[in-house]
Amino acid sequence: MTTLLERPAPPALAFDGPLRGLRAGAVQAWGALEALALVPERPEPRPQFVAPLRHLKLAGVPSYGTVDLENTAERGLLVVPMHVGFFQEGAQNHATARALVLDAGEVLRVDDAFCVQQAQGGLLKEAQQRFLMLPLGLRPAALAQRGSRGCGRLWEEIDAFTRQYGVARGGHLERFLRPYFPRLQPLRHAFEALPEQVGAAYFVAGRLVGVEVAPNADYWAELAPVLVMYGYGPAALLAEDRGHRAPERPLDLEGLADLDDLAGRLAASRREQAGRYAEEVRRAQALAADAKAEGQRHGLDVATLIGDDWNGQVVSEGTDTVYLSLFRRFSARTLDGPAVSL
Amino acid sequence: MNPQLLLNYLDARRTTLVRLPEGAKLHVELLAIAPHFYAHIPADAAADLSHRREALANLLTGELTGERPDLLGLLRPLPLRETLPVLGVLAERRINCRRARRLGLALVLNHPDLPELAAARRNRLARLLRHLLGECSWSGVRRALEPQTNGRGQVFLEKLLGRYAPVTPAVREALAVLTGAPVEPTHPALRRRLAARTTLAEGEGLPRETLFGLRGVFHPKTPASQVRYLAAPVARAAADGPLTVGYKAALSGQAPSVPPEVLRGPDARPALPGRLAVVLDLSASTASSGERAYHPAALGLAVARQLQARVSDVSVVPVGGTDRPHGGTDLASAVLEAARQGPGAVLVVTDGYENTRPGDTAAVVVGLRRLGFDAPVLQVVPRFTPGEDLSRRRLGEAIPLLAVDHEGDVGELLARVVLAHAGAELAPEDLDQIETLLFVR
């Protein structure tokens, strides 16, 4: 039996800049959301970085807006992804504002977190729990407010965000997540981590909206379902509800000669799409050069990009990108207006 | 006969008749054109109860040409718990012709499950028997079971019922409980039921609805929670087959591998001739999560294994992983690879999350048709519950979708393949084969 993995890979579509060492892989799609896989040209296990779901623990919440995060690994650095959220029943849910780096066993107090459940009292309890991620529509505002304090400083943005979905007002993110969960959950199954994949570029209704890179494939396998369900899924649902779809690319079947011809046309169509999307990613990642260094932790540099359209952070070790999250401002108006060219 | 008629039945049989505007017409046509096929429907475990009841009513009251099918022989091997709701149509539609009476009484009174059912489904069973015998005879049965009849009662019972079944002590006990005649039964289930009238706890292990019925009449102050505690555990409607259980255990790490005796045992029947290609989706999504963990992958693997056991030449083209869920879902390339092998049919066993890319499989199938590949391509979705919405997981309008809930459903898959190959007219030997595939348990 021949497996897919044994088929020849498409020609390399390599990147440079912060995505150096990566190439474009297959495009996966579901509804209005598409993801271009980013895979290393030479797979590296990078065991010095541990995966977040297994090793990130909410050690405590001493006060509203402050969270203690722990890396439970005995060895290995943990890059805490940007904008992770912790939800528990009967307690004020919290989310972080930026990427963080924790050494093995380290407990880090983070005092610029957000409360994302305006009218709920009670502090989160210590837990080794799954985390969520702030939706794309909230991430630029969350990043812009990193380093500042105040539990409720994201409530206004949450209110505006949830109103786009016809959800009741207030700084309550859970009021969006609960009714939309049945539509978000299938995305977790619809987008699958490929062998060696360490990142993806996300497109909503054909527009590039985010580029995400993880330290290694294990890390990505844990992060990807969270990103797609909570980070980029809500934007795709908004697009679908407003009648937008991923661009259709019908296969040209005129004058087919034989099965090889059909297989060749299928492969060419996919290659062409991947190539075009890779070109968009290449232009977006060039913006990362404008990111400003914001310090160093455990030998890793953290740089932040704040722009009119693109925002994000890059964690790097020397010239090697360890973690990258670049995302675009996104709202219902983005969809209604003309497509934004880079 | 036109194979489309059977396909229509296969498409309709899981849907209740009231939701099928053409359902009654379909039954009439099937009865007229394929009466022997139709006679299997009252025993068709995959069919909705409404179809089974409609078919039984039509078979007993409709006009049939030629020899009447042996309904008793078809229904007798089934558990009485399963046939009783089907037979219930006789009372509801007041069907009490001689054929109906003979079928109902011979089936119920001869069945080894009669005492169990008399304890657990007393009202339903009593209603059926009262209808079949008539009110006067039913009252006579009760009087004949009184202790002081000095043998006249047994004579009456044998005269009334002896032509359908021997009136054994077990039958007398069950009838006594059903008619309300005084009795001290020896069968444990009947004893439990009668004892539960005095003390509900004595009925421990009876079905929940039976205990709730007893509570309503005899113990209205007993809390519902206690009734639930005493009731027999409710089995999941569609419990997994042995292969699915084995694959789930192996995939989740609870067992090192599927036991060889389970792998060997799918089917002892002779394999069907023909070449079949199975595209087996073992991408990451088939691992699923929560209570459904590994269900799509395990059921998919079990279906593929069953097909390998029942068809002489089966090739499997895995997608994603080869033996466990892994990677993406490029079904289109796999369908192309399957088509290269020149199969008589391609079954795409997938959870339907075609992400590389949605629509590519449908386009490839259109391309294959243009190249003259006319073998049927079917999408088979291993389902956890009939409530799953598969509308967004269809590979394409031109690719028929069939959901499977159990590894035993491969019979229907193969029947559909036979029907797809049949052309405009179905040969009698093909019809026999389809009956075997669909109805032999």
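1. Let's start with B:Phe37 in this predicted model. B:Phe37 touches B:Leu6, B:Tyr9, B:Leu30, B:Leu431, B:Ile434, B:Glu435, B:Leu438 and B:Phe439, leaving aside residues up to four places away in sequence (contact means heavy atoms within 4.5 Å).

2. B:Phe37 also appears, with B:Leu56 and B:Leu90, among the residues with the most contacts inside the largest nonpolar core, which has 117 residues. Such a core is a set of buried Ala, Val, Leu, Ile, Met, Phe, Trp, Tyr and Cys residues joined through side-chain atoms within 4.5 Å, where buried means under 20% relative accessible area with a 1.4 Å probe, protein chains only. Helix H18 (residues 295-310) of chain B gives the largest share of this core, eight residues. A second, separate core has 86 residues, including A:Trp30 and A:Trp220.

3. Now to the sheet in chain B: five strands form an open, parallel sheet in the order E2-E1-E3-E4-E5. Strands pair if DSSP finds at least two bridges between them; helices (H or I, at least four residues) and strands (E, at least two) are DSSP runs, numbered from the N terminus. Strands E2 (311-320) and E5 (401-404) of chain B each have a single partner strand, so one side of each is left without a neighbour in the sheet.

4. A closer look at one edge: four bridges join E4 (residues 377-382) of chain B to E5(B), and B:Val380 stands opposite B:Leu402 in E5(B). Helix H19 (residues 331-340) of chain B packs on the sheet, touching strands E1 (272-282), E2 and E3 (345-349) of chain B.

Notes: Residues are numbered from 1 along each chain as its sequence is written. Chains are lettered from A and ligands numbered from 1 in the order in which they are written. This is a predicted model: local features need pLDDT of at least 70, side-chain atom pairs count only at pLDDT 80 or more; totals for chains, interfaces and linings use all residues. Side-chain values use heavy atoms; hydrogens and water are left out. Axes are lines fitted to C-alpha atoms, for helices over the stretch in contact, and angles run from 0 to 180 degrees between N-to-C directions. Buried means under 20% relative accessible area, exposed over 50%, partly exposed in between (1.4 Å probe, protein chains only).
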